[in-house]
Amino acid sequence: MKIQAAVLPETAADIQVGDLELAEPHAGEVLVRLHASGVCHSDLNAVDGTSATRCPAVLGHEGAGVVEAVGAGVEIQQGTHVALSWMPSCGRCEECVRGYTHLCRKAWGGMSHGGLLDGTPRLSWNGRPVYHYSYLSTFAEAAVVPEQCVIPIPDSVPFEVAALVGCAVSTGVGAVWNTAGVRPGERVAVIGCGGVGLSAVLGAIAIGASPVIAVDLSEQKLELARSVGATATVRWAGSADATVRAIKDASGGGVDYAIEATGRPEAMQAAFLSCRPRGAAVLIGIARADAMLTIPAVEIPRSERRILGSAYGSVRPERDFPRILQLYAEGRLPLERLISHRMPLAETAAALELVRNATAVRAVLQL
Ligand SMILES: [Zn+2]
Ligand SMILES: [Zn+2]
């Protein structure tokens, strides 16, 4: 079938919207008619070459839509509303067997090859193959994806909200609920209040953390964080030390968990130093490949402060997407507040630009 999609012809080139060919789903795959796709910082990393991506590619890994057709052996029904996960875990590798399906060796290993699970793409343009991004490619009217990526959702959930659950929301909320395991009354700071960071703020409020301190450069984003329930805000003070002082003042001496969602080493440092004894910095943000993190080593044994990595919020999509959407339905996770811009597919390049200059909390393409 012919579909409109936004193509990155090569690293750092301009995005082009064109008519591509999308092949039928193979066995174990699903054709999804997409209705919304969030635009994530990881997509921008692919455009800029910060993370190596096989091109030409259709980017986008945060989508939702309706099942239109299925390949052999797939049980999900046509017409089912779905959110997409970008982690088709195999269930059999060492990490999956240990229960860490979000770290699936097979899925991470194939992530940058640009194919689906068999290594081949379903997209082509003028007879040439076009590669997938994170097994999905949601900057398009439709996608063929592995069945493990398809998570059924209630018909009542708006597609734009379901799309964000596929990456930003799961990454942020999951870091709080799963990776950190924050408990009611624990103190949380979140450094960086874009889509992922603000999701962490919402997840911390929903679980009963207090205080929940939002930290960002942008007064506008801090205002948004306050309006969704952050109990305190700290404007990034230009250096880790000054910001740490402000977070400590706002938290009565340091937090139990400092969630870092910018990928910048100075913010990671601030996260670590903002913790009280036994506290943990939870690092979500994707740093440049050559970035190093320096922290005072003496602080680790003396105060038992820890650093936790968090990939995809340590989520199990089939378990966690429904939990998240249940709290959304109850009004306890106001996920629609994350959406700052709605744009058509034709404006994909402009949407990526909003991510680049940190204007957007979350921009969503309406497909
Ligand atoms: Zn993402
Ligand atoms: Zn696995």
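## A walk from two domains to a zinc site

Start by colouring the chain by domain: the assignment gives domain 1 as 2-152 + 334-366 and domain 2 as 168-312. Keep in mind along the way that this is a predicted model.

Next, show the C-alpha centres of the two domains; domain 1 and domain 2 have theirs 28 Å apart.

Now turn to where the domains meet. Select the residues in contact, and you will have 18 from domain 1 and 15 from domain 2. Between them, domain 1 and domain 2 bury about 1,400 Å², with 69% of that on carbon and sulfur atoms. On the domain 1 side, pick out R337, L338 and V361: these lose the most area to domain 2, together making up 37% of what that side buries.

What holds polar groups together here? Between domain 1 and domain 2 there are five residue pairs in polar contact, counting pairs with both residues at pLDDT 80 or more. Colour the domain 1 side by class and you will find eleven nonpolar, four polar and three charged residues touching domain 2. If you look for salt bridges between the two domains, the count is zero.

For the last stop, select the zinc ion (ligand 2) and show the side chains of C90, C93, C96 and C104, whose SG atoms coordinate the zinc ion at 2.3 to 2.4 Å. Along the chain, these donors follow the spacing C-x2-C-x2-C-x7-C. Why is the arrangement tetrahedral? Because the four donor atoms around the zinc ion (ligand 2) subtend angles of 104 to 119°.

Conventions:
Residues are numbered from 1 along each chain as its sequence is written. Chains are lettered from A and ligands numbered from 1 in the order in which they are written. This is a predicted model: local features need pLDDT of at least 70, side-chain atom pairs count only at pLDDT 80 or more; totals for chains, interfaces and linings use all residues. Side-chain values use heavy atoms; hydrogens and water are left out. Domain bounds come from an automatic or database domain assignment. Contact means heavy atoms within 4.5 Å. Buried area is the accessible area (1.4 Å probe) that two parts lose on being put together, summed over both. A salt bridge is a side-chain nitrogen of Lys or Arg within 4 Å of a carboxyl oxygen of Asp or Glu. A polar contact is a pair of N or O atoms within 3.5 Å; within protein, one must be able to donate a hydrogen and the other to accept it, and residues adjacent in sequence count only if both atoms are side-chain atoms. Ala, Val, Leu, Ile, Met, Phe, Trp, Tyr, Cys and Pro count as nonpolar, Asp, Glu, Lys and Arg as charged, and the others, Gly among them, as polar. Donors are N, O and S atoms within 2.8 Å of the metal (3.2 Å for Na, K and Ca); water is not among the atoms, so sites may look incomplete. Four donors count as tetrahedral if all angles lie between 85 and 135 degrees; four count as square planar and six as octahedral if opposite donors are over 155 degrees apart and all others between 65 and 115; anything else is irregular.
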